[in-house]
Amino acid sequence: MRAYVVNEWVHPSQLKLVNDAPEPIATGLDEILVDVYSSALNFFDILQAQGKYQVKPQFPFTLGAEFAGKVARGSPIPKGCPYKSGDRIFGSAQGCFADRVTIKWQAVNPLPDNLTFDQGAGLYITWPTSYEALVGRAELKPGEWVLVNAAAGGVGIAAVQLAKALGATVIAAAGSQSKLDICKKYGGADYTVNYTVKDWQKEVLRMTSGRGVDIVYDPVGQIAESLKCIAFKGRALVIGFAAGQIEKLPLNLVLLKNITVMGLHWGLYTHKQPSRIPVVWKELLELLASGRVKPVIYDRIFSLNEVTIGLDALEKRETWGKVIVRIKDEEQSVVAKL
């Protein structure tokens, strides 16, 4: 089996695709075996390969955390599992940069018929993060203004689309004109602003007639700068620190503007609020199936032997949307059976 196996902490540029990785075996009571058709690249893959991420699997392990594929032929079907061999699914498991992976069936969802494997591969982490942040934490209401930082990235472009679908006016912020164009073209942002330009917050205030935005969605580490253009009683969502620095916030602004600063760590819901997970997925899958929102993927699809090239592009912030690796495609697999 082909896979990117990590035997020691290294930068992902040093990893090599092996062709003789051990086949995964579904041994747990709840596990199924999945043929991976597409996988998504995440920034934390770069960190995990180096031992800099909070999840540190035992060596050797296979890199990659998100996939879309099919329940493999011959996979065990545990009691209570609603899936059967050949069903199209997406989910998250350690080891997705490989031909096959095992996963607990509770950690997958059915892939909507109107989505491809490439589109489905990047859903499982990005979309519920953005949805729960906006809906569950910030309690977004129709007619509110939302500023999305790093809006051309994976979680950012999803947040732009979701906020629009939920009735907000969206300002997409990014660091180049080409990425701002992506936010307009694929995300449907109402306005855009380049946050590398000095005093960019004044432009946001101009757009909002001096009022400021109701919600700031920030996956990059720009909360402090964004507080200069947040409205009275605004809500600031801390999603991550992709820029690499953990911020120190000026709490005087939080006090003077009656601001609420809140975090969202979607992975924690499994342990702290598991009842919320199916609610979020039900609402998200309905939105995706309706076509009101649509996964945005980078215009270069990488092959499995190009994973390190894709991670390099992601690390250099050359990409937008979700970066996808196509491991096999359906047409080829059909031909192979003839």
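Two bridges join strand 1 (residues 3–6) to strand 4, and the two strands run antiparallel. Within this pairing, Val5 has Thr62 as its bridge partner in strand 4. Two strands count as paired if DSSP finds at least two bridges between them. The numbering of strands (E, at least two residues) and helices (H or I, at least four residues) follows DSSP runs from the N terminus. Please keep in mind that this is a predicted model: local features need pLDDT of at least 70, side-chain atom pairs count only at pLDDT 80 or more, and totals for chains, interfaces and linings use all residues. Residues are numbered from 1 along each chain as its sequence is written, and side-chain values use heavy atoms, with hydrogens and water left out.

**The sheet around strand 1**

Strand 1 belongs to an open sheet of three strands in the order 2-1-4, with antiparallel pairing. Strand 2 (17–18) and strand 4 (61–62) stand at its edges; each has a single partner strand, so one side of each is left without a neighbour in the sheet. A handy rule for looking at any such sheet is that in a regular strand the side chains alternate between the two faces.

Just ahead of strand 4 in your view, look for Pro60 in the loop between helix 1 (43–49) and strand 4. The peptide bond that joins Phe59 and Pro60 is cis, with omega about -15°.

Another loop, the one between strand 1 and strand 2, holds Val10. Is Val10 buried or exposed? Its relative accessible area is 12%, so Val10 is buried; buried means under 20% relative accessible area, exposed means over 50%, and partly exposed lies in between (1.4 Å probe, protein chains only). Leaving aside neighbours within four places in sequence, Val10 is in contact with Leu15, Ala49 and Gln50, where contact means heavy atoms within 4.5 Å. Val10 and Leu47 are 37 residues apart along the chain, and their C-alpha atoms are separated by 9.4 Å.

**A six-stranded sheet**

Now turn to an open sheet of six strands, whose order is 11-10-9-12-13-14 and whose pairing is parallel. Which strands stand at its edges? They are strand 11 (191–194) and strand 14, each with a single partner strand, so one side of each has no neighbour in the sheet. On average, neighbouring strands of this sheet are turned by 20° against each other, direction ignored. Here axes are lines fitted to C-alpha atoms, for helices over the stretch in contact, and angles run from 0 to 180 degrees between N-to-C directions. Strand 10 (residues 169–174) and strand 11 run parallel and are joined by four bridges. In that pairing, Ala174 stands opposite Asn194 in strand 11.

**Strand 16 and its partners**

Strand 16 (residues 323–326) runs antiparallel to strand 3 (residues 31–41), and four bridges join them. Here Leu41 stands opposite Val323. Strand 16 also pairs with strand 15 (residues 302–303), this time in the parallel sense over two bridges, and Ser303 stands opposite Arg326. Together, strand 15, helix 11 (residues 307–315) and strand 16 make a right-handed β-α-β unit. Right-handed means that, with the strands pointing away from the viewer, the path from the first strand over the helix to the second runs clockwise.

**Two helices that meet**

Helix 3 (residues 126–137) and helix 10 (residues 276–290) pack at an angle of about 105°, with their axes 10 Å apart. That makes helix 3 roughly perpendicular to helix 10, a label for angles of 65 to 115 degrees; under 35 counts as roughly parallel, over 145 as roughly antiparallel, and the rest as oblique. Among the residues that make the contact are Trp127 and Tyr131 of helix 3 and Trp281 and Leu284 of helix 10. The contact residues divide into nine nonpolar, one polar and three charged. Ala, Val, Leu, Ile, Met, Phe, Trp, Tyr, Cys and Pro count as nonpolar, Asp, Glu, Lys and Arg as charged, and the others, Gly among them, as polar.

**Residues with positive phi**

Two residues that are not glycine have a positive phi.

| Residue | Phi | Place | Relative accessibility |
|---|---|---|---|
| Lys233 | near 65° | strand 13 (residues 230–238) | 54%, exposed |
| Asn258 | about 55° | loop between helix 8 (251–256) and strand 14 (260–263) | 41%, partly exposed |
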